[in-house]
Amino acid sequence: MALNYKKTLISCYLGFITQAIAANFAPLLFLTFHNGYGIPLGKVALISSVFFVTQLIIDVLCARFADKIGYRKCVIGSQAFSALGLIGLAFLSELFPNPFAGIIVSTIIYAMGSGLTEVLVSPIVEACPFEHKKAAMSLLHSFYCWGSVGVILISTLFFTVFGIENWKWLSCIWAIIPLVNIYNFSVCPIEHPVEDGEGMRIRDLLRVPLFWLAILLMVCAGASELSMAQWASAFAESALGMTKSVGDIAGPCMFAVTMGISRTLYGKYGEKLDLMKFMIGSALLCLICYITASLSGIPIIGLFGCIMCGFSVGIMWPGSISICSGKIPTGGTAMFALLAMAGDLGGALGPAIVGNITQNAGDDMQKGMLSGCAFPLILMISLLLLNRARHRNN
């Protein structure tokens with residue numbers, strides 16, 4: 001039986017790679033949009049905001065409608081929207097009278113695909129008859145990291161060889177992955193995490209105290225990850241004195257590498273580890289990394305803290321999902337959708353808080369990054385309370 005579900009697992013891996021393309025490709029072109037179309041940087045910054053807001057909306061809609069429409073139709077739609085958005089990015093900016101409008105429409109389309117992927121792929125893997133579910137979940141999420149690294153490195157190589165003015169060709173090339181994955185999801189076996197009609201409703205979930213704790217974990221997981229990831233390049237450049245190109249590789253790329261290593265290692269050896277203790281240790285390491293990056297006066301040590309932060313946050317998102325799905329096995333699609341929404345909310349709030357505090361501190365990036373310590377600290381305290389309750393019940 002497991003052999004049949006390997007096709008499902010491969011499809012889900014490619015789904016997360018597609019999500020990494022959607023999330024990371026356009027930001028590499030922000031200055032190109034600014035210089036090529038004359039779009040003000042303030043407007044360019046809205047592209048990321050539109051992406052995350054669209055994902056949040058899709059998360060909520062999935063909680064209500066995914067079960068009715070069906071997992072297979074929805075996950076095929078996720079790949080179709082991702083492909084259409086990436087192709088649209090290459091053409092709509094020229095077809096629309098206002099290039100920015102074309103970019104925003106494309107962003108909304110592939111963000112819809114990204115949001116559907118985020119909500120559906122985790123429960124699809126959770127429903128597969130694998131022996132070590134927590135390890136499989138961590139390994140699954142590592143493919144987002146490796147996808148991010150691939151997008152950054154391959155795009156940088158493409159721009160170096162063919163010139164950044166040919167970015168539209170690359171956008172269409174990236175769209176091939178979700179187009180192929182439409183077929184994969186059409187033929188692979190897909191199960192639901194709970195039987196039809198047996199999944200908990202949103203109002204039932206909101207009555208479970210543990211679910212609120214899981215929401216808090218996901219908000220802090222998203223904020224801990226994205227606060228460093230979104231500002232890693234700017235942090236390496238402004239606070240650590242690196243050039244832009246070196247900052248991109250040393251910052252977000254190495255952050256994604258260490259995050260992928262963390263998830264891959266847990267995916268391989270997770271069955272031998274206590275997930276709760278591993279996450280508590282990771283939260284402590286994350287806190288130390290934020291403090292190191294923020295307070296160190298030595299650039300190489302600050303950079304090391306930034307890079308190792310990726311390793312520390314690797315387990316947080318998939319681990320929080322695994323803990324919640326294990327404690328609330330009948331949570332169903334609504335649970336996975338609301339957890340994804342909480343993670344996205346943390347991913348939107350965390351970088352915004354760091355950016356605002358940086359601005360209020362006279363553009364001192366280290367002071368802004370110090371504020372990020374709050375997220376892993378809250379996560380660690382929540383996990384300690386949850387672990388204490390677990391031992392008390394045992």
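Glu-225 is buried, with a relative accessibility of just 7%. Its salt-bridge partner is Arg-263, and the closest N and O atoms of the two are 3.6 Å apart. Arg-263 sits in helix H12, which covers residues 244–269, while Glu-225 belongs to helix H11, residues 209–238, so this pair ties together parts that are 38 residues apart in sequence. Arg-263 is tucked away too: at 3% relative accessibility, Arg-263 counts as buried. Keep in mind as you look around that this is a predicted model.

Stay with Arg-263 for a moment, since it leads to another buried residue. Arg-263 is in contact with His-141, and His-141 has its place in helix H7, residues 133–162. What else does His-141 touch, leaving aside its neighbours within four places in sequence? The rest of the list is Phe-16, Ser-122, Trp-317, Pro-318 and Ile-321. As for cover, His-141 has a relative accessible area of 5%, and so it is buried, because the cut-off for that word is under 20%.

One of those contacts, Ser-122, has a number that falls within helix H6, which runs over residues 99–127. H6 has 29 residues and reaches 43 Å from its first C-alpha to its last, close to the 42 Å expected at 1.5 Å a residue. There is a kink of about 25° in H6 at Leu-120, shortly before the proline Pro-123. H6 is also mostly covered, with 24 of its 29 residues buried.

Now go back along the chain to helix H5, residues 71–95. H5 has 25 residues and spans 34 Å between its first and last C-alpha, close to the 36 Å expected at 1.5 Å a residue. Where does H5 bend? Look at Leu-89, where the bend comes to about 50°. Further along H5 is Glu-94, which forms a salt bridge with Lys-168, the closest N and O atoms being 2.4 Å apart. Lys-168 lies in helix H8, residues 167–174, so here the pair ties together parts that are 74 residues apart in sequence. Are these two buried, or partly exposed? Lys-168 counts as partly exposed at 24% relative accessibility, and Glu-94 counts as partly exposed as well, at 48%.

How many salt bridges does the structure hold? It holds three, and the one still to visit joins Asp-204 to Arg-207, with the closest N and O atoms 3.1 Å apart. Arg-207 has 61% relative accessibility, so it counts as exposed.

Next, the surface. Val-53, Ile-57, Leu-61, Phe-65 and Ile-69 form a nonpolar patch there, with about 430 Å² of accessible area together. Pick out Phe-65, whose place is in helix H4, residues 46–69. Phe-65 is partly exposed, with a relative accessible area of 38%.

Finally, step back and take in the whole chain. Its secondary structure comes to 18 helices and zero strands. Of its 394 residues, 54% count as buried. Among contacts in the chain with a separation of 6 or more, 83% are between residues 24 or more positions apart. The accessible surface of the chain comes to about 16700 Å², and 68% of that belongs to carbon and sulfur atoms.

How values were computed: Residues are numbered from 1 along each chain as its sequence is written. This is a predicted model: local features need pLDDT of at least 70, side-chain atom pairs count only at pLDDT 80 or more; totals for chains, interfaces and linings use all residues. Side-chain values use heavy atoms; hydrogens and water are left out. Patches are made of residues with over 30% relative accessible area and no salt bridge: like charges are joined within 9 Å, nonpolar side chains (Val, Leu, Ile, Met, Phe, Trp, Tyr) within 5 Å. Accessible areas come from the Shrake-Rupley method with a 1.4 Å probe; for residues, only the protein chains shown count as cover. A salt bridge is a side-chain nitrogen of Lys or Arg within 4 Å of a carboxyl oxygen of Asp or Glu. Helices (H or I, at least four residues) and strands (E, at least two) are DSSP runs, numbered from the N terminus. Buried means under 20% relative accessible area, exposed over 50%, partly exposed in between (1.4 Å probe, protein chains only). The expected span of a helix is 1.5 Å times one less than its number of residues. The bend at a residue is the angle between axes fitted to the seven residues ending there and the seven starting there. Contact means heavy atoms within 4.5 Å.
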